[in-house]
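User: I'm new to this one and would like to learn how to read it. Could you walk me through it?

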Amino acid sequence: MIENKEKVVSVYAEASPNPESMKFVMNAQLLPEGQSVDYPTLESALESPLAQELFNFDYVSRVFIASNFVTVTKSSDLEWSKLIPELRTFLKSYIEAGGPAFNEGFSASKPETATTDSSASAEDTVISKKVIDLLENYVRPAVEQDGGNITFKSYHDGVVTVFLQGSCSGCPSATVTLKAGIENLLKRMVPEVKEVVADGVTL
């Protein structure tokens, strides 16, 4: 379990491409580097006391936690200028007091590995490995900068399916990012890729 006790915690807010999401970066580690969790509802956040506390703010609609930041998505018409001080103060106080980000024994799922289902061809498996490598090394760091995350789901017949999490979920510019950015990169580096689509998010 990552401990952040007896430490002065600094928290600053960083805007994301999604106007409804704000990234709160801190000098405390919540998860090992490269791991993240996304909670679209209070019910899905049972393993994270920190996320549950954030959902107690009636304007919080989604919580995404990564190594050293929390992305909060709001549901109300309230301006961020009114919400940021409250959320910064809460996060600082909670982490400084040693409040747990996750329940004892919790382990975030590790970044995707190049495993495919048994029906995948050898060629698909090779292409999947190339795609995952590109996502890990080129795409994920940029997406994390924006307060979100991208994970590989599958590759089949030229179509790469990914999951978008955090600020990327429901972001107005997600379609542009997915098509103009990620799809173009993968097409250029892996000619077999014809299209990239997102699963589990409304674009």
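**Reading the sheet and its side chains**

Analyst: Let's start with one pair: Glu14 has Lys23 as its bridge partner in strand S2. This is a predicted model, where local features need pLDDT of at least 70 and side-chain atom pairs count only at pLDDT 80 or more, while totals for chains, interfaces and linings use all residues. Residues are numbered from 1 along each chain as its sequence is written, and side-chain values use heavy atoms, with hydrogens and water left out.

User: Which strands does the sheet hold, and in what order?

Analyst: Strands of a sheet pair through backbone hydrogen bonds, either parallel or antiparallel. Strands (E, at least two residues) and helices (H or I, at least four) are DSSP runs numbered from the N terminus, and two strands pair if DSSP finds at least two bridges between them. Here the sheet is open, has 5 strands in the order S1-S2-S5-S4-S3, and pairs antiparallel. Strands S1 (11-15) and S3 (37-39) are the edges, each pairing on one side only. Between S1 and S2 (residues 21-26) there are 5 bridges.

User: What packs on the sheet?

Analyst: Contact means heavy atoms within 4.5 Å. Angles run from 0 to 180 degrees between N-to-C directions, with axes fitted to C-alpha atoms, for helices over the stretch in contact. Helix H2 (residues 80-96) packs there, touching S1, S2 and S5 (69-74), and its direction makes about 35 degrees with that of S2.

User: How many salt bridges are there?

Analyst: A salt bridge needs a side-chain nitrogen of Lys or Arg within 4 Å of a carboxyl oxygen of Asp or Glu. The structure holds 6. One of them joins the side chains of Glu14 and Lys23 (3.6 Å, N to O).

User: Is Lys23 buried or exposed?

Analyst: Buried means under 20% relative accessible area, exposed over 50%, and partly exposed in between (1.4 Å probe, protein chains only). Lys23 is at 5%, so it counts as buried, whereas Glu14, at 24%, is partly exposed.

User: Where does the charged end of Lys23 sit?

Analyst: A charge sits over a ring if NZ of Lys or CZ of Arg is within 6 Å of the ring centre and within 35 degrees of the ring normal. For Lys23 that ring belongs to Phe69, 4.4 Å from its centre.

User: Which ring does Phe69 pair with?

Analyst: Rings of Phe, Tyr and Trp (its six-membered ring) pair with centres within 6.5 Å; planes under 30 degrees apart are stacked, over 60 edge-to-face, the rest tilted. Phe69 and Phe64 form a tilted pair, 6.0 Å centre to centre with 40 degrees between the planes.
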